Amino acid sequence: MHDPRVLLDPATDAVRKLARRGFHLDTTALEKLLSGRNAAIQRGDESRAESKRLASAVKGASPEERPALVERAREMKATITLADEEQKVLDAELQELLLGIPNLPADELPDGASDEDAEQVRTWGEPQHFDFTALDHVDLGEKLGILDLQRATKLSGPRFAVLKGKGAALERAIARFLLDVHTDRHGYTEWSVPALVTRATMTGTGQLPKFEQDLFRTEVADRELFLIPTAEVPLTNLHAKETLATEDLPLAYTAHTPCFRSEAGSYGRDTRGLIRVHEFSKVELVRFVEPERSRAELEVLVGHAEAVMQELGLAYRVVRLAAGDIGFSAEATYDIEVWLPSQNRYREISSISDFGTFQARRAGIRTKSKDGTRGFAATLNGSGLPIGRTLVAILEQGQQPDGSVKIPEALVPYTGFSELR
RNA sequence: GGAAGCGUGGCAGAGCGGCCGAAUGCACUCGCCUUGAAAGCGAGAGUCCCGAAAGGGUCCGGGGGUUCGAAUCCCUCCGCUUCCGCCA
């Protein structure tokens with residue numbers, strides 16, 4: 001969420017920046033709401049001050065002047081109620097307006113609104129071009145007997161996956177490997193967090209109120225909970241409504257959790273296999289940093305995600321998403337795209353974003369420095385990595401002419417086997 | 001799910017309906033003292049909102065009510081603790 005004052009400050013250049021992502025900011029409406037609300041607060045406060053004066057006057061008043069004072073105090077109460085009601089209404093309207101305004105894309109992002117407009121930053125590894133016909137992960141998985149999509153559909157409907165035997169073991173190995181690297185080498189603290197969270201929690205990171213259709217929602221009696229689409233949600237909200245000491249920053253958190261996505265509006269896209277499913281698991285990285293450092297921290301975070309890609313020996317490229325293609329809460333986003341031989345192109349495997357103070361304002365993640373200066377933290381997060389898509393890449397990039405799959409060296413200590421056949 | 005109790009500042013812990021933004025202790029900040037530290041002494045310090053500022057307002061788990069006036073009384077919700085029930 002934005003600070004309306006900052007948003008209205010010409011120096012912020014919000015109208016132009018938001019236009020880059022196709023959002024029209026109605027500054028007149030915003031200004032009107034803000035000043036109206038502030039005036040109502042002012043009036044309420046003045047009336048309250050008067051009411052307090054009257055109340056203490058009543059105490060020392062003589063029996064003769066008392067009734068008149070009490071009468072005036074009663075009237076003042078009505079004035080207060082009126083101002084408060086007006087403030088409440090305007091405040092709610094302002095809040096609603098602000099919650100719907102996306103974050104400002106950073107100027108360095110390329111123009112455009114689709115993944116086509118992303119700008120390639122660098123590549124790593126050699127995209128494989130086999131001299132045999134590359135199979136996709138579904139064919140490979142089924143032939144190897146580690147993937148069972150029919151039964152997944154039987155259990156839960158389309159867009160679910162069942163892994164079996166070494167497939168399930170590989171999934172577990174990938175998760176453990178990722179967590180170990182990020183905790184031991186990159187200094188992240190591992191958390192185990194709920195996959196069901198409240199509406200307020202979802203609002204803190206920006207999934208709600210605008211994107212309810214993307215989430216799975218549960219309801220038991222009068223209790224409503226949402227299934228997390230990513231561990232970003234619980235991890236970031238761990239510090240909701242808290243004040244962090246700046247000397248404790250940066251905080252680096254990781255968690256391996258299930259992720260649930262309705263995938264509404266992606267009919268027909270990636271219907272085959274593990275790439276786009278309703279439930280998958282992911283190791284997520286989240287950082288809480290000082291706002292001035294957020295863009296530098298984005299590079300650090302990308303580095304952590306790239307490190308595991310390299311460790312796994314997976315060919316990939318890094319792209320900078322276009323201003324109109326980044327997520328609602330983001331200021332800047334890098335995607336890591338892994339090479340998929342069966343599709344003969346790079347596909348997104350990790351998304352790493354800088355949210356500036358946008359999420360912190362919504363969630364109330366404040367900072368306080370030694371000298372007493374207060375502010376909001378900047379938050380960042382990135383996939384490090386999703387297990388399913390990583391498994392897809394390992395299968396496809398590691399496939400051999402005979403249909404077997406070579407497991408990356410780094411994983412062998414975790415799997416206990418070095419090939420699938 | 002049933003019964004009882006409890007929710008006050010970073011922590012601990014007082015608090016008669018007006019003198020309570022709230023005692024006291026610890027922790028914290030700045031002085032003094034000290035070769036240095038500890039102890040001791042003095043001073044200061046909460047949050048959020050409106051305001052250019054002066055200043056004003058808010059906040060004693062959340063919400064509502066009674067009253068001229070509520071941390072203090074009433075209702076309700078939430079959370080925690082203990083006991084019982086159920087349960088992986």
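1. Before looking at single side chains, one cut-off: buried means under 20% relative accessible area, exposed means over 50%, and partly exposed is in between. On that scale Arg293, at 39% relative accessibility, counts as partly exposed. Keep in mind that this is a predicted model.

2. Arg293 has a partner worth a look. Its side chain meets that of Glu297 in a salt bridge, 3.0 Å from N to O. Is Glu297 buried or exposed? Glu297 is buried, because its relative accessibility is 2%, and buried means under 20%. So this salt bridge joins a buried Glu297 to a partly exposed Arg293.

3. Stepping back, how many salt bridges does the structure hold? The count is 31. As a reminder, side chains of opposite charge can pair when their charged atoms come close. Some of these residues do not stop at simple pairs: Glu108, Arg295, Glu331 and Asp354 are linked in a network of salt bridges.

4. Next, the pair between Glu86 and Arg43, whose closest N and O atoms are 3.2 Å apart. Glu86 sits in helix H4 (residues 66-99) and Arg43 in helix H3 (residues 27-60), so the salt bridge links distant parts of the chain, 43 residues apart. Both ends are partly exposed: Glu86 has a relative accessible area of 32%, and Arg43 comes in at 39%.

5. Arg272 and Asp136 also form a salt bridge, at 2.7 Å from N to O. Arg272 is in the loop between strand E7 (251-260) and strand E8 (279-289), while Asp136 is in the loop between strand E1 (119-124) and helix H5 (137-144), so the pair ties together parts that are 136 residues apart in sequence. Asp136 is buried at 15%, whereas Arg272 is partly exposed at 41%.

6. On the overall layout, the domain assignment splits chain A into domain 1 (26-99) and domain 2 (115-420). Their centres, taken over C-alpha atoms, are 49 Å apart.

7. Now the RNA. Strand B is surrounded by 21 residues, and the closest are Arg5, Arg37, Asp45, Ala55 and Arg74. H3 gives the largest share of this surface, 11 residues; H4 and strand E12 (365-368) each supply at least two. By type, the surface has 13 charged, six nonpolar and two polar residues.

8. Which part of the RNA does the protein meet? Of the strand B atoms within 4 Å of the protein, 77% belong to sugar or phosphate and the rest to bases. Arg5 puts a polar side-chain atom 2.8 Å from a phosphate oxygen, and Arg374 has a side-chain N or O atom 3.0 Å from a phosphate oxygen. For a base contact, see Arg66, with a polar side-chain atom 3.4 Å from a base nitrogen.

Technical notes. Residues numbered from 1 in each chain as written. Chains lettered and ligands numbered in written order. Predicted model: local features only at pLDDT ≥ 70, side-chain atom pairs only at ≥ 80, totals over all residues. Heavy atoms only, no water. Salt bridge = Lys/Arg side-chain N within 4 Å of Asp/Glu carboxyl O. Helix = DSSP H or I, 4+ residues; strand = E, 2+ residues; numbered from the N terminus. Buried < 20%, exposed > 50% of the residue type's maximum accessible area, 1.4 Å probe, protein only. Domains from an automatic or database assignment. Near = heavy atom within 4 Å. Polar contact = N/O pair within 3.5 Å; in protein donor to acceptor, adjacent residues only side chain to side chain. Nonpolar A, V, L, I, M, F, W, Y, C, P; charged D, E, K, R; others polar.
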